[in-house]
Amino acid sequence: MNEAGSRRAEGGLRLEDVAKTFRQGGEALKILDRVSLRVAPGELVALVGPSGAGKSTLLHIGGLLERPDGGEVTIGGQAASKLDDDARTALRRNAIGFVYQYHHLLPEFSALENVVVPQMIAGCPKAAATARARELLEMVGLTSRATHRPARLSGGEQQRVAIARGLANAPAILFADEPTGNLDPHTAEVVFDVLIELVRGAGLAVLIATHNLDLAARMDRILHLEDGHVS
């Protein structure tokens, strides 16, 4: 485990009275209305809701990519509302992982390099980063594809690389936004099985936004987001 993993904070994810409003023309659109939720370490929670309900916005706020208009986001016991941008970036880099619907792999780099890069950005030496990247690619079944660039990988393989990348810095919390939404049903099952096995083994707090109710039913809890509220 790398240095980030050894420093992993306890406490999972907590949102308290989080609010977010966007303005469209002269109209105020309240996307999140005093949302509170908790995801404990080792827990997988599904976030479901209609398109446009604000699932991605909630994940971006929880992952410190956006600031809420009000409320508090607590990551591993550390409140983020009063942190400056540099401190938020450091907390996000060391404690949070992301997996998106579209893998967003760097096309000029191999699968291995795509998993190495975020570790080096976090300050991990290249040799250690490469060793961990090889370990993660083995865990997602892609050892033989490690030197291939994304264009030579299938959609499912690319998403498995994205999962490995999301776990590269040994985060305490993983956010996934429709991680199987761009895959056929069979491939989606394979990718989801890999994701569950990895995060269960690592004891992460995991929040996954999905429209796939079958996959959501396999998680520990389901949260519904609609009209700005979570239930």
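**Exercise 1.** Is aspartate 17 buried, partly exposed or exposed?

*Solution.* The model is predicted, and the value used here is computed from it. Step one: the relative accessible area of aspartate 17 is 35%. Step two: buried means under 20% and exposed means over 50%, with partly exposed in between. Step three: aspartate 17 is therefore partly exposed.

**Exercise 2.** Find the salt-bridge partner of aspartate 17, and state where each of the two residues lies.

*Solution.* Step one: aspartate 17 forms a salt bridge with arginine 34, and the closest N and O atoms are 3.5 Å apart. Step two: a salt bridge needs a side-chain nitrogen of Lys or Arg within 4 Å of a carboxyl oxygen of Asp or Glu. Step three: aspartate 17 belongs to strand β1 (residues 13–24), while arginine 34 belongs to strand β2 (residues 27–39). The two are 17 residues apart, and the pair links distant parts of the chain. Step four: arginine 34 has a relative accessible area of 58%, so this residue is exposed.

**Exercise 3.** Describe the salt bridge between glutamate 189 and arginine 218.

*Solution.* Step one: the N to O distance between the two side chains is 3.0 Å. Step two: glutamate 189 sits in helix α7 (residues 185–202). Arginine 218 sits in the loop between α8 (213–216) and β9 (221–226), 29 residues apart from its partner. Step three: glutamate 189 is partly exposed at 34%, and arginine 218 is partly exposed at 36%.

**Exercise 4.** Which residue pairs with arginine 200 in a salt bridge, and which residues does a network join?

*Solution.* Step one: the partner is aspartate 220, at 2.8 Å from N to O. Step two: arginine 200 is in helix α7 and aspartate 220 is in the loop between α8 and β9, 20 residues apart. Step three: both have a relative accessibility of 38%, and both count as partly exposed. Step four: Glu189, Asp193 and Arg218 form one network through salt bridges that share partners. Step five: by the same rule, the count comes to 8 salt bridges.

**Exercise 5.** Where does glutamine 119 lie, and is this residue buried or exposed?

*Solution.* Step one: glutamine 119 is part of helix α4 (residues 111–121). Step two: its relative accessibility is 0%, so glutamine 119 counts as buried. Step three: a polar atom of the glutamine 119 side chain lies 3.0 Å from the backbone oxygen of valine 115.

Methods: Residues numbered from 1 in each chain as written. Predicted model: local features only at pLDDT ≥ 70, side-chain atom pairs only at ≥ 80, totals over all residues. Heavy atoms only, no water. Helix = DSSP H or I, 4+ residues; strand = E, 2+ residues; numbered from the N terminus. Buried < 20%, exposed > 50% of the residue type's maximum accessible area, 1.4 Å probe, protein only. Polar contact = N/O pair within 3.5 Å; in protein donor to acceptor, adjacent residues only side chain to side chain.
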